[in-house]
Structure formats: C-alpha cells, structure tokens
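Me: I have a model open and would like to go through it with you, asking how each label is earned. Could you set the values against the definitions as we go?

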Amino acid sequence: RQKDAYLADGQAVYSDGPQAAGGKGSFMATTDYLASALASCTRTIMALKAEAKGADFGGCYVEGGNEVSMEDFSVTRTNIDFTESAFEAALRRELETATCEMCIVGSSLYPDLVQEFEFVYA
C-alpha cells in the first residue's frame, strides 16, 4: 500500500495491486485509475455538450474497466459504458462523436490500447 498523491485539501489517494499480482486488493489498482480518468474525461465532455444544447444530463452515469495482460504488463483494453437519458438521435450522434474525438485522456493513451465505448439510452 502506498500513498500516491495528496489532494489540495489534504486527502490522500491510495493504490494497491490486485490480489492476483500480489497486492492486498484493499484499494484501487493503478490500472483502475486509468479507466477512471478516461471515464471521467468522457463523461465531462458529454455533460458539457448536452447542457450546451439544453439537454438535461442529470441521472446519466458512466462505468469503466480494463483488461490487463500480465505477460506484457500492459492494459490492452479499456471499456467505458455510458447509461444516459433518452436523447433524440441527432443529439446522441453528436454526443458520441464528441466523446470519442475530444477526450484529452483518450487521445493521450498509447494507440494500441483498445478504447471501447458503449452507449445505453434509458
């Protein structure tokens, strides 16, 4: 267990390796922070775009996860699942395109990393 960083308000961010890699599994693994950063960035873009169009983005949420290769010691795939309001088709396309094209985190990742996005409209 290690302290990775301190936030401005003094809170500590902790990480731990998964049990499969010898960690205790007590805290998020560093690879989980990767998925969280991508999920947070994409959700923020969607929220800003939706609200700029006058759409209510409340109640929308996102979940992320990774597939890891222990042979290569790399994240091979990141899955981001969005559950959103039932937006009209034109707005859906606009939000999905912006999400995939404007995410700074996603654009900064290694090109071989598969970024898979799933959009579910309720």
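Me: What pattern does the protein chain follow, read along the sequence?
Reply: The order is β-β-α-β-β-α-α-β, which comes to three helices and five strands. Helices (H or I, at least four residues) and strands (E, at least two) are DSSP runs numbered from the N terminus. This is a predicted model, in which local features need pLDDT of at least 70 and side-chain atom pairs count only at pLDDT 80 or more, while totals for chains, interfaces and linings use all residues. Residues are numbered from 1 along each chain as its sequence is written, and side-chain values use heavy atoms, with hydrogens and water left out.

Me: How do you know that the span of helix H2 agrees with its number of residues?
Reply: The expected span is 1.5 Å times one less than the number of residues. H2 (residues 89-102) has 14 residues and should therefore span 20 Å, and its end C-alpha atoms are indeed 20 Å apart.

Me: Which residues of H2 are buried, and what makes them one side of the helix?
Reply: Leu-91, Leu-95, Ala-98 and Thr-99 are buried, the term for under 20% relative accessible area, with exposed meaning over 50% and partly exposed in between (1.4 Å probe, protein chains only). They cover an arc of only 100 degrees around the axis, so they sit on the same side of H2; the arc is that of the directions from the helix axis to the C-beta atoms. An α-helix has 3.6 residues a turn, so residues three or four places apart point the same way. The face turned away from the buried side of H2 carries the exposed residues Arg-93 and Glu-101. The cover over the buried residues includes helix H1 (30-52), S4 and strand S5 (114-121), where contact means heavy atoms within 4.5 Å.

Me: Why is the pair of Glu-94 and Lys-53 called a salt bridge?
Reply: A salt bridge needs a side-chain nitrogen of Lys or Arg within 4 Å of a carboxyl oxygen of Asp or Glu. The closest N and O atoms of Glu-94 and Lys-53 are 3.4 Å apart, so the pair fits that definition. It links distant parts of the chain, with Glu-94 in helix H2 and Lys-53 in the loop between H1 and S3, 41 residues apart. Lys-53 is called exposed because its relative accessible area is 51%, whereas Glu-94, at 33%, counts as partly exposed.

Me: What makes Glu-67, Arg-77 and Glu-116 a network?
Reply: Arg-77 meets Glu-67 in a salt bridge (3.7 Å, N to O). Arg-77 lies in strand S4 and Glu-67 in strand S3, so this pair ties together parts ten residues apart in sequence. Arg-77 also meets Glu-116 in a salt bridge (2.9 Å, N to O). Glu-116 lies in strand S5, so this second pair joins parts 39 residues apart in sequence. Salt bridges thus link Glu-67, Arg-77 and Glu-116 in a network. Arg-77 is partly exposed at 25%, as is Glu-116 at 40%.

Me: Why is Phe-73 called exposed, and what is its phi?
Reply: Its relative accessible area is 68%, so Phe-73 counts as exposed. Phe-73 has a positive phi of about 50 degrees although it is not a glycine. Most residues other than glycine have a negative phi. The place of Phe-73 is in the loop between strand S3 (61-69) and strand S4 (74-84).
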